[in-house]
Amino acid sequence: MREFTRPEQISLSINNEPRNVVVYPGETLLYTLRGDALGLTGAKPGCENGDCGACTVLVDGVPVKSCLVLTAEIEDRDITTVEGLNQAPIQQAFLDHMAFQCGYCTSGFLMVGHALSQHVDRADEDRRIEWLRSNICRCTSYQEIADAVAAACNGLD
Amino acid sequence: MLPFGIEYYRPDTIDEALKLYRRLRENHQEPVFYGGGTELLTRARLQNVHFDAVIDLKNIPEVRVHGRSGDWLEFGAGLRLTDLADGNLWPLLTATADRIADHTTRGQITLGGNLLSTIPYREASLPFLLMDEAEALVATEDGIESRPLANLVSDSFIKPGEFLVSVRVKGDEAKGIAYRSRKMTRQDWIDYPLVTVAVTRRADGSLRAAFSGWAGFPFVSSAVNHILSDTGKSARRRAQEAVAHMPVKALEDLHGTREYREFVTEYTLAQIIDELEDD
Amino acid sequence: MKIIGTSVPRKEAPNKVTGRARYANDINVPGTFHAVMVPARQAHAQIIAIDTDEAKKVPGVKAVITGKDLSVLSGDVMEDRPPLARDKVRYWGEPIALVVARDEAAARRAAGLVQARYQPLPVINSIQDALDKKAALVHQQNGSYTVATPPVYPKKHSNIADEANVTKGDMDKAWKDSDVKVKVHVSLPQIDHAAMEPRIAKAEILADGRVLIHASTQAPFEVQKLLAKYFKLNPGQISVTAPLVGGAFGGKAGVQLEILAYVASKAVGGQMVKIVNTREDDLATSPLGMGFEADIALGASQDGRIKAAEMRFFMDIGAYADSAPRIARAIAAQCTGPYAVPNVHTDVYCVYTNHTYTTAWRGFGHMPMTFAVERAMDELAEALKMDPLDLRELNAIRPHDVTPTKARLTRSNLGDLPKALTHMRQLIGWNGGRVEALGPGRVRVQGVAAFWKTSSSPPNAVSGALITMNSDGSVNLSIGAVEFGPGTKTTAAQILAEQLRIPLDRVFIHEDVNTQVDPEHWKTVASLSTYMVGRAVLDAAKDLMTQMLMVAASVLKCSPDDLDYGDEKIYVRDDPSIYLDFKDLALGYKYQEGDSIGGQLMGRGKFMIRHLNLLDQQTGHGRPGPAWTVGVQAVEVEYDQNTHQYRILKAATVIDAGKVLNPAIASGQVMGGMNMGLGVASREGIFYDSDGRLLNNQLRLYKLMRMGEQPKQYLVEFIETPQVDSAFGARPIGEHAVLAIGAALANALSRAANVSLNMLPITPEAIWRARRAR
């Protein structure tokens with residue numbers, strides 16, 4: 001049994017790198033990522049209620065709203081944040097399609113789009129919409145984002 | 001972020017989990033069993049609930065079962081809603097569960113979490129409520145107990161210190177049935193339901209319907225099922241009568257008024273009856 | 001050089017796709033204290049007592065502040081709002097106390113322990129409640145508050161915070177001349193800005209007395225001025241930094257959290273304190289967009305010419321005035337929509353209620369106003385049996401007409417609405433407004449609506465630009481406009497690059513604004529940044545080039561008139577082989593012998609709005625803005641007559657942009673605006689229960705459009721009638737695409753459902769109810 005009753009230094013695999021960080025048992029992943037030790041502020045707090053998706057990161061390649069998961073739950077899993085995207089096709093697609101304005105929701109959309117383009121076999125339009133519905137953008141018309149993700153999934157430009 | 005400190009435990013066996021709960025209680029702590037966490041974390045952030053230890057059940061093999069076991073189709077309480085869709089062992093369950101929340105969040109919500117939610121909808125229960133044989137396996141101090149899922153909404157379904165391990169239905173019954181499941185919302189695809197309606201049609205032509213969103217809890221009604229199964233009447237007529245004979249009044253809230261819920265439920269039922277009887 | 005008119009990416013785009021773009025909450029100093037607001041749980045009540053004892057006992061809590069500790073009243077027009085409720089609470093969610101603690105968890109825990117005792121008062125829960133003769137008063141003191149920015153005309157012993165009127169022509173005669181009359185009553189709920197970044201402010205008071213504020217704000221210079229005023233500081237003491245802002249939409253133009261952050265910092269010896277809204281705070285405690293009701297009467301002759309417009313607008317401004325009086329005047333000044341109406345009588349009322357207070361919302365009142373007018377226009381078309389687009393074309397406002405406030409219109413300050421209407425016919429494939437049957441119970445229908453808007457800015461609004469040079473001849477541009485998404489910084493850099501004839505990547509622009517370093521820019525609002533900043537940048541570029549040419553002329557031993565420039569060189573016009581590089585002049589020119597001249601070159605540019613005035617109290621006459629942007633929007637909808645569900649197939653905008661500076665960014669602005677306007681029209685709205693409690697203070701209950709719900713097709717077309725006093729002729733376009741698209745949707749669905757839909761949001765239930773009530 002894993003017992004985690006007081007702040008503890010744990011090792012997290014973040015963006016393919018082991019990172020040692022002191023974590024409280026009740027910390028959300030969002031809090032840990034954005035904290036002073038890691039400084040990964042790409043994941044954004046938008047509602048801390050699982051509604052907006054701005055804090056989305058990937059855990060073992062799957063999108064997760066980092067405000068709704070305890071760091072303690074995923075200490076042995078692979079975490080990918082927007083800072084770990086290394087010139088991924090989805091980033092270029094977002095640039096090409098100007099799929100953002102203020103940019104605050106962008107990290108979350110990128111992570112869902114990245115998961116679709118890298119980890120899903122047949123990310124057809126229905127599936128893309130179904131996954132991207134998890135996030136909210138207030139600036140764009142969504143069409144720009146839909147086009148960008150389609151391009152990244154289909155290898156189009 | 002939680003505004004209060006907690007301890008986190010992840011037991012590996014049912015026994016460990018039960019003993020841990022008892023120990024923490026004896027220690028005057030307030031432990032909670034923890035599945036996906038989506039509801040506990042959001043409520044805790046707003047200080048609508050307080051606990052000082054979580055017992056994460058997801059590492060216990062029995063809460064992650066997903067498959068056939070003899071005559072039964074078994075679903076561990078710790079399965080994510082997306083696991084249900086990916087496995088698609090029971091298409092009716094997939095159809096209902098796949099309309100809960102949004103895709104990312106469905107990857108975090110567990111089946112057990114939805115079935116035992118304090119939020120009134122608990123849509124994943126609808127397919128089970130439609131079966132003759134649907135059971136919950138509950139971990140108790142006296143071992144694993146099986147309880148009929150028909151009693152899901154009663155207060156004493158799970159007592160303090162107990163937790164839901166898995167749910168199961170008879171494979172033959174569950175899979176030999178035509179079905180429709182439809183979630184109707186105020187306007188948005190991602191929203192709580194005005195009403196979610198799941199309907200089955202059995203080989204003998206009888207219909208059963210389960211509802212979420214209509215009231216503060218999911219339910220089936222034998223009176224309604226009886227009305228729906230009266231094939232002598234048109235679908236529209238049956239839908240009208242069903243709505244008039246619901247066991248409780250429809251809710252009135254910011255998703256919709258009572259009368260509008262009745263209107264939507266009626267046309268949805270009528271559409272579903274037509275579709276099922278045309279198949 | 002071809003930089004203007006090309007779709008260059010946003011300057012900060014690479015940072016935004018890598019998580020490196022930093023917003024206010026991403027930049028943290030270890031040891032920062034946290035402040036948390038305690039929200040009222042009554043909508044209208046006398047405060048008997050606030051018990052903070054238990055909260056103060058929480059370890060880590062350093063201060064608990066209540067309204068009693070503060071004497072400030074805030075408000076940019078009328079000073080009616082205590083930053084923390086004092087004596088009574090006026091809306092559910094109003095902050096009654098502020099807890100400051102070492103960490104956020106302690107502050108939140110303590111906030112939960114603050115106990116208030118109230119004596120409930122009757123809740124003013126609607127405009128009707130407020131206007132009742134026997135209504136309880138939201139403000140006993142109404143009429144005696146300090147007026148910070150005239151004009152505002154509060155009515156004592158009433159819930160009317162302000163009234164604005166416009167009269168033009170002879171109404172009695174106009175009604176006599178009208179063959180056809182229509183009346184429309186519209187009703188719209190309050191709405192939220194719902195920027196994805198919740199509002200945030202940080203404050204620190206240094207030992208030397210300087211006050212450092214970091215905030216998610218559209219108005220850093222306003223924050224500076226108001227803090228100086230409220231707390232009797234020198235403006236120069238206060239440095240306000242606005243980093244990249246995560247969406248604003250008017251909601252970050254007011255000053256709220258900045259005041260609380262300062263107060264909190266002061267309470268803990270000047271330590272850095274951060275206050276961040278939860279989403280719940282952002283919806284219920286920080287200001288919303290106003291609710292709205294209107295009675296519109298239009299009269300027209302048989303041939304369709306509008307003779308008379310008589311209108312009353314009521315704004316549900318919530319508990320405090322904030323910018324509502326300015327919005328009331330904006331509505332009054334543009335009250336007819338973009339139509340030439342000879343006879344007008346309009347009254348606009350700002351009504352206090354026990355709802356969350358309100359502030360600017362994208363479009364500054366023009367969106368609800370346009371909804372009301374454009375619904376009335378469609379009703380008029382129906383009464384006249386005219387094609388709704390024809391009716392608009394016939395009455396479209398044109399150069400040489402005057403506005404309701406008698407401002408004169410020219411081709412430059414108005415743009416070309418008739419041309420936009422003509423183009424819309426093509427763009428959407430206008431079918432005359434017919435309802436087309438698609439199958440049993442299913443129909444397809446189009447709807448159209450037009451808009452206009454000017455800035456309604458203060459007559460003394462200023463902007464500025466500063467250019468410095470780097471040793472390689474590249475330039476740094478400093479402006480006071482905030483970047484919250486529309487590409488304001490990029491546009492400014494484009495204008496400068498074009499003027500200096502250098503590549504865009506040779507212009508560097510910092511993405512934040514700092515009031516101590518950057519030249520003042522009024523506020524980043526009203527879609528005015530391109531106009532105001534653009535002119536300042538042109539001025540600064542001219543200043544820089546004049547200096548560079550002077551120094552170059554000395555070195556090259558000729559007159560500046562002999563010189564031209566390009567490719568980062570200054571050369572003799574008739575012999576380009578004689579030249580100097582920009583880099584040789586940037587920091588002063590050094591002769592081979594070593595002696596040097598010129599010094600570093602710096603360009604200064606400024607701009608001030610001109611020829612505007614405050615509207616006359618009696619007639620409303622005056623000039624509210626430098627120019628109007630006009631356009632037309634349309635939708636095509638498929639509607640199910642049995643379930644009342646609908647799907648938006650097409651949404652289209654034709655807008656006179658004057659000159660499109662960056663086509664991709666401009667299209668994005670317009671598409672995003674349409675999406676926002678359609679979201680408002682189809683699902684958004686704040687719900688209060690009968691006790692005035694705000695019910696949907698989360699994004700799972702305040703519904704925003706999501707992926708897949710947007711129209712199947714967006715159509716955007718720009719026409720370009722230059723505004724001659726603007727950089728390259730560009731007109732403001734930032735807000736406008738939200739203005740009429742909701743009205744177009746309501747017009748389409750009203751015809752499809754065969755019932756007047758004069759309320760928002762138009763949900764299937766709303767249509768169902770309207771049909772049942774008929």
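Read from the N terminus onward, the elements of chain A follow the order β-β-β-α-β-β-β-α-α-α-α, and in this predicted model they amount to 5 helices and 6 strands.

The overall dimensions of chain A were considered next. Along the principal axes, the C-alpha atoms of chain A occupy a box of roughly 50 × 30 × 25 Å. Because a compact globule of 157 residues would be expected to have a radius of gyration near 15 Å, the value of 16 Å found for chain A agrees with that expectation. Of the 157 residues in chain A, 66% are classed as buried. When contacts in chain A are restricted to pairs of residues at least 6 apart in sequence, 58% of these contacts connect residues that are at least 24 apart.

Attention then turned to the interface with chain C. Here, 40 residues of chain A are in contact with 43 residues of chain C. On the side of chain A that touches chain C, at least two residues are supplied by each of four helices of chain A, namely helix 2 (89-96), helix 3 (106-119), helix 4 (125-132) and helix 5 (143-154). Helix 5 of chain A provides the largest share of this side, with 4 residues. In terms of residue character, the side of chain A that touches chain C is made up of 20 nonpolar, 13 polar and 7 charged residues.

Definitions and conventions
Residues are numbered from 1 along each chain as its sequence is written. Chains are lettered from A and ligands numbered from 1 in the order in which they are written. This is a predicted model: local features need pLDDT of at least 70, side-chain atom pairs count only at pLDDT 80 or more; totals for chains, interfaces and linings use all residues. The radius of gyration is taken over C-alpha atoms; the globule rule is 2.2 Å times the number of residues to the power 0.38. A residue is buried if 20 or more other C-beta atoms lie within 10 Å of its own, exposed if 12 or fewer, and partly exposed in between; C-beta atoms are placed from the backbone. Two residues are in contact if their C-beta atoms, placed from the backbone, lie within 7 Å. Ala, Val, Leu, Ile, Met, Phe, Trp, Tyr, Cys and Pro count as nonpolar, Asp, Glu, Lys and Arg as charged, and the others, Gly among them, as polar.
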